[in-house]
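Dear colleague,

Please find below the structure that I am passing on to you. A description of what was found in it follows directly after.

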Amino acid sequence: LRWALAAGSAAVLGGLALWTASGATEVNIPIMQISEEVFDTSDNLFVFFLDRSEDLLERKQDIQSIIRTLMREESLHRLTFYYNVRKEGDPPVPDGS
């Protein structure tokens with residue numbers, strides 16, 4: 001069930017979507033779960049560390065807002081965005097408040 005939820009969350013968050021409300025257009029930027037290979041071999045990564053896979057959907061607006069803010073910075077145009085869900089034995093995710 002957990003992998004199915006994570007896969008469903010990734011599909012929902014991972015697709016490009018256009019949303020129009022009050023004349024504004026919002027583009028959701030796709031993010032994928034990071035793999036060890038990507039982490040070890042890639043540069044310019046921004047990884048959202050989540051406590052639970054459910055956080056991917058529950059915090060979607062926050063995550064997309066952060067991505068849009070970072071993408072406005074010309075010097076950060078090469079960033080790629082990923083997420084990782086905490087597994088048993090991983091250190092706790094720092095409090096983001």
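Of the 97 residues in the chain of this predicted model, 24% count as buried. The accessible surface of the chain amounts to about 7100 Å², and carbon and sulfur atoms contribute 55% of that area.

As to secondary structure, the chain contains 4 helices and 5 strands. Following the sequence from its start, you will meet these elements in the pattern α-β-β-β-α-β-α-α-β.

Among the strands, three form an open sheet with parallel pairing, in the order 3-5-4. Strand 3 (32-33) and strand 4 (45-50) each have a single partner strand and stand at the edges, so each has one side without a neighbour in the sheet. Strand 5 (residues 80-85) runs parallel to strand 4, and 6 bridges join the two. One of the residue pairs to look for here is L50 with V85, its bridge partner in strand 5.

The sheet also has a helix to consider. Helix 4, which covers residues 60-71, lies across strand 4 and strand 5. Its direction is at about 165° to that of strand 4.

Finally, a word on contacts along the chain. Where the separation is 6 or more, 65% of the contacts are between residues 24 or more positions apart.

When you open the model, the pairing of strand 4 with strand 5 and the placement of helix 4 across both strands may serve as a starting point for your reading.

With kind regards

Key:
Residues numbered from 1 in each chain as written. Predicted model: local features only at pLDDT ≥ 70, side-chain atom pairs only at ≥ 80, totals over all residues. Heavy atoms only, no water. Buried < 20%, exposed > 50% of the residue type's maximum accessible area, 1.4 Å probe, protein only. Contact = heavy atoms within 4.5 Å. Areas by Shrake-Rupley, 256 points an atom, 1.4 Å probe, with all protein chains shown as cover. Pairing = 2+ DSSP bridges. Axes fitted to C-alpha atoms, helices over the stretch in contact; angles between N-to-C directions.
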